[in-house]
Amino acid sequence: MNNCNNNNGKKDDKKDEKKDDKKDDKKDAKKEETKEVWIMDPATDTYYYWLCTISVPVFYNLIFLVARSCFNELQSANVTMMMVFDYSSDVLYCIDTFVRARTGFLEQGLLVKDAKILKEKYMKTPQFKLDMISVIPTDLIFLKIGINNPEWRFNRLFRLARLFEFFDRTETRTNFPNIFRIANLVLYIIIIIHWNGCLYFAISKVLGFGSDTWVYPDGNDPEFNRLARQYIYCFYWSTLTLTTIGETPPPVRDIEYFFVVADFLTGVLIFATIVGNVGAMISNMSAARVEFQAKIDSIKQYMQFRKVTKDLEVRVVKWFDYLWTEEKTCDEKLVLKNLPDKLKAEIAINVHLETLKKVRIFQDCEAGLLVELVLKLQPQVFSPGDYICKKGDIGREMYIIKGGKLAVVADDGVTQFVVLSDGAYFGEISILGIKGSKAGNRRTANIRSVGYSDLFALSKDDLMEALIEYPDAKNLLEEKGKAILMKDNLIDESLVAVTDAKDLEDKVNRVEASVEIMTAKFRKMSAQYESSQRKLKQRLSNMSNQVRTLRVDHE
């Protein structure tokens, strides 16, 4: 009976284990399903094309909402068409809200693809509130007041940021950035004139057409009653007023004076500073942006001239986009060059010292040496798939990972052995030139960037230059490096002996060369001494002869 009970108990346990395994498998399957969600990568062409798509309804609302609100005939004569455009743009707005919630962002150089994190990040941004305001169905009020009141849809203008983002992306991508900037500026001017002309017509409608000389002429005149003439006249009036280059009828009423004064101020602020300085504005939109854009343009022109492959050209542009997005475009040396050495050192220590202290061989080093090395760290950015070093390469730098992830891969470039992240370092042994190292100064692994990676590089020349003033630290570093190699069984004592023998032979050769040089110099000096002695004896002999001659003459 006990055996039967035990067998039954074991069967029950096995059944429970199988059920638990099935549950775990289901949970894992669910997790995998939840992970596989659609994410928009902002670095891809798809994202740019979507920006192009969503900018169309945004621009439509920017232009036509104010026009339809002021020019009643434009709204009443095209009700069906406008409703189709309105609700098509509303659908695109809703889709864009979803796209924003699924747009990835870079963290440690890698694209975040967790839908929950992306959604939470989007909801914390100010743009989320503006997007929610832009999709509020204010059209419901049309059920009470009628559909010919498009001014209730003005909340759709809160999505203007998408249009500006599209312009910025296009400016980066185009091969003719200067032409695009000028065209963009002209477009802004036209939009301002358009809105001002619509407001002028609306004020004229409120005050009464033809009620005085300033407002729009009487609508009973068939010539001025046409929609085309109404818009062209108002656009013409707005252009003359804002640019202050033509004469318009003077205002009569107080509200007209107020509107004209506001227009004049707008014209002075906008056109005197923008249109009057088009060239200056183009070159000084943003000093950093202009300088950065100039680099991109020159690289594009070079690649176009040299017929670089399209794939490589896209990689270069994406690398520049990453630098600009992550604000890594400034040259630290250029920024800090005007500071005194003391402040420059303090800033470098504050920014980089903790990173340098993570390297084993630099722990417990003199503070002065660490300061010297901190000033010599060079920031470098690598794109996804770039090799930082390959097996067999000569090691001229060591690297410290500031951000991003690096993978130690096999020769096929795909198989990953280990992934290095923030604070990791490599290549420190190769730049020390440890005697007896089996690898010598060669790289022993292939290291590749997984995503975008920010590294600090310390070159061998910079390290040796700093160690000249710290000989004790140099011996200490070599001892630490040797201990690390011995621990990993990467040092060969026979190579050490051979290296020492070579060093001794080199020293003997240097001493012999020095002795030979000194012997040659001594011979030269001896010859010069003998020559000077002969000349001196000759002079003394000449002087003696002259003295004898003088005595004979005197006698």
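## A tour from D139 outward

Start by selecting D139, which is buried with a relative accessible area of 10%. The model on screen is a predicted one.

**Stop 1: D139 and R156.** Add R156 to the selection. R156 and D139 form a salt bridge, with their closest N and O atoms 2.8 Å apart. This pair links distant parts of the chain: D139 sits in the loop between helix 6 (126–134) and helix 7, R156 sits in the loop between helix 7 and helix 8, and 17 residues separate them. Like its partner, R156 counts as buried, because its relative accessibility is 3% and the cut-off for buried is under 20%.

**Stop 2: the wider network.** Now select R68, D86, D90, D139, R153 and R156 together; a network of salt bridges links them. In general, side chains of opposite charge can pair when their charged atoms come close.

Zoom in on D86 and R153, whose side chains meet in a salt bridge at 3.6 Å, N to O. D86 belongs to helix 4 and R153 to the loop between helix 7 (142–145) and helix 8, so this contact ties together parts that are 67 residues apart in sequence. R153 is buried, at a relative accessible area of 0%.

Next, keep D86 and show R68. Their side chains also form a salt bridge, 2.7 Å from N to O. Here too the pair links distant parts of the chain, R68 being in helix 2 (residues 45–70) and D86 in helix 4, 18 residues apart. Both ends are buried: R68 at 3% relative accessibility and D86 at 4%. For the whole model, the count of salt bridges comes to 19.

**Stop 3: R100 in helix 4.** Stay on helix 4 (residues 79–101) and pick R100, which lies in it. Is R100 buried or exposed? At 16% relative accessibility, R100 counts as buried. Show what surrounds this side chain: leaving aside neighbours within four places in sequence, R100 is in contact with Y122, Q127, D131, R162 and E165.

**Stop 4: helix 8.** R162 leads into the next selection, residues 160–173, which make up helix 8. The buried residues in helix 8 include R162, L163, F166 and F167. Further along, T170, E171 and T172 are buried as well. Put a distance between the end C-alpha atoms: they are 20 Å apart, which agrees with the 20 Å that 14 residues should span at 1.5 Å a residue.

**Stop 5: A228 and L74.** Move to helix 11 (residues 227–243) and select A228, which is found there. A228 is partly exposed, with a relative accessible area of 42%. Then add L74: the two residues are 154 residues apart along the chain, while their C-alpha atoms are separated by 9.7 Å.

**Stop 6: the sheet.** Finish with the strands. In general, strands of a sheet pair through backbone hydrogen bonds, either parallel or antiparallel. Here four strands form an open sheet in the order 3-10-5-8, with antiparallel pairing. Which strands are at the edges? Strand 3 (378–382) and strand 8 (425–426) are the edge strands, each pairing on one side only.

Colour strand 3 and strand 10 (residues 453–459) to see one antiparallel pairing, which runs over five bridges. For a single bridge, select V381 and its partner in strand 10, D454.

Conventions: Residues are numbered from 1 along each chain as its sequence is written. This is a predicted model: local features need pLDDT of at least 70, side-chain atom pairs count only at pLDDT 80 or more; totals for chains, interfaces and linings use all residues. Side-chain values use heavy atoms; hydrogens and water are left out. Helices (H or I, at least four residues) and strands (E, at least two) are DSSP runs, numbered from the N terminus. The expected span of a helix is 1.5 Å times one less than its number of residues. Buried means under 20% relative accessible area, exposed over 50%, partly exposed in between (1.4 Å probe, protein chains only). Contact means heavy atoms within 4.5 Å. Two strands pair if DSSP finds at least two bridges between them. A salt bridge is a side-chain nitrogen of Lys or Arg within 4 Å of a carboxyl oxygen of Asp or Glu.
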